[in-house]
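This briefing is for a reader meeting the structure for the first time. Please look over the sequence and the model before reading the points below.

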Amino acid sequence: MAAPKKTMRALQYDKYGGGAEGLKHVDVPVPSPNKGEVLLKLEAASINPIDWKIQKGMVRPFLPRKFPFIPVGDMSGEVVELGSGVTNFKPGDKVISISFATGGGLAEYAVAPASLTVARPPEVSAAEGASLPTAASTALQQLKAAGVSSFDGGSGSVADNNGPKNVLVTAASGGVGHYAVQLAKLAGLHVTATCGARNLGFVAGLGADEVLDYKTPEGATLRSPSGTKYDAVVHCATGTPWSVFAPVLADRATVVDVTPGIAAAAKSFLQKVTFAKKRLVPLVLIPKKEEMEWLVDMTRQGKLKTVIDSRYPLSRAQEAWAKSMEGHATGKIVVEMGGAE
């Protein structure tokens, strides 16, 4: 095992705002793992909307904790050094990790918490592994928040519990949405999905039972072609008011929103205090190691597939950043540290 280099290539920004042009290529010292951390030689990282929302200042003053900041928390690579107290990994292990608060993914090396690092088997590529932590975990937690308790792949999983039977997934061709469709089908649910016209076939191929173009009248009103009312909505799009959801929901239904604004938060609070049967639930991802391990295993078994929209080498990571900010990626956007220039 070669010792890590003293310096590394990375991209960082030194103030809020600036978009892709705000990312600067730098040579900086390779970080050292602190207690409970591992140092990874990175192979791939995936960009999520939260990464550029942090850059925009949407979670200030909490993140970034300091400038300059190397962004991106979803990563895969090889363990090269262990911080004190880490006993469940060894140098040479292939892993995936999420380092949400400290970022670091747009670099040749990064430190990550061992508590949110899991083994990556040979059947799961570095790019697939790096795509899972935020997007797939969010989709999984959305479905759990909506009442889904089993993902054993059969219709019996629905019959065995009182969870939802019919689910709507919005923005179903995106990073979170394309996982949500697959996980809902693993739970045996009837899935209606919305996406752009160019992705109708793609989303149907993921297993959706009904697919709506969000720009059509039916898509804009979220109305199922079969007239189905939804027990649950995995909401991955933005800007949909409650008045659009209300008519298409079953008597008891949960809309789990990963893009909540102030109005959504207020609506959720009001529904809670009035014991409403139709509920809007804002979701903030709390990464869990056991869920990441399960998602990796589903990928290893071929039950969950990662669709990669585009791949970029580290030298062109600004292009990947800009692509994510455009908001039209089909699946995941990946930066590969050893990728072709």
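Arg9 is partly exposed, with a relative accessible area of 33%. The model is predicted, and Arg9 is a starting point for its salt bridges, of which the structure holds 11. Helix H2, a histidine in helix H4 and a nonpolar surface patch follow.

**Salt bridges**

- Arg9 pairs with Glu108 in a salt bridge whose closest N and O atoms are 3.5 Å apart. Arg9 belongs to strand S1 (residues 7–12) and Glu108 to the loop between strand S5 (94–98) and strand S6 (109–113), so the bridge ties together parts that are 99 residues apart in sequence.
- Glu108 counts as buried because its relative accessibility is 15%, and the limit for buried is under 20%.
- Arg311 and Glu336 meet through their side chains in a salt bridge, at 2.8 Å from N to O. This pair links distant parts of the chain, with Arg311 in strand S14 (residues 308–313) and Glu336 in strand S15 (residues 332–336), 25 residues apart.
- Arg311 has a relative accessible area of 46% and is therefore partly exposed.
- Arg316 and Glu319 form a salt bridge, their closest N and O atoms lying 2.9 Å apart. Arg316 is partly exposed at 31% relative accessibility, and Glu319 is partly exposed at 39%.
- Glu43, Glu78, Lys94 and Arg120 are joined into one network by salt bridges that share partners.
- In general, side chains of opposite charge can pair when their charged atoms come close.

**Helix H2**

- Helix H2 covers residues 126–145, which is 20 residues. From its first C-alpha to its last it reaches 29 Å, close to the expected 28 Å.
- At Leu132, H2 bends by about 55°, and the proline Pro133 follows within four residues.
- H2 is mostly covered, with 17 of its 20 residues buried.
- Gly147, just after H2, takes a positive phi of about 105°.

**His178 in helix H4**

- His178 is part of helix H4 (residues 175–186). With a relative accessible area of 0%, His178 is buried.
- The His178 side chain reaches the backbone oxygen of Gly175 at 2.9 Å.
- His178 and Ala139 are 39 residues apart in sequence, and their C-alpha atoms are 8.7 Å apart in space.

**Nonpolar surface patch**

- Phe269, Leu270 and Val273 make a nonpolar surface patch of about 310 Å².
- Val273 lies in helix H8 (residues 262–273), and its relative accessibility of 45% makes it partly exposed.

Technical notes
Residues numbered from 1 in each chain as written. Predicted model: local features only at pLDDT ≥ 70, side-chain atom pairs only at ≥ 80, totals over all residues. Heavy atoms only, no water. Helix = DSSP H or I, 4+ residues; strand = E, 2+ residues; numbered from the N terminus. Expected span 1.5 Å × (residues − 1). Bend = angle between axes of the 7 residues up to and from the residue. Buried < 20%, exposed > 50% of the residue type's maximum accessible area, 1.4 Å probe, protein only. Patch = residues over 30% accessible without salt bridge, like charges linked within 9 Å, V, L, I, M, F, W, Y side chains within 5 Å. Areas by Shrake-Rupley, 256 points an atom, 1.4 Å probe, with all protein chains shown as cover. Salt bridge = Lys/Arg side-chain N within 4 Å of Asp/Glu carboxyl O. Polar contact = N/O pair within 3.5 Å; in protein donor to acceptor, adjacent residues only side chain to side chain.
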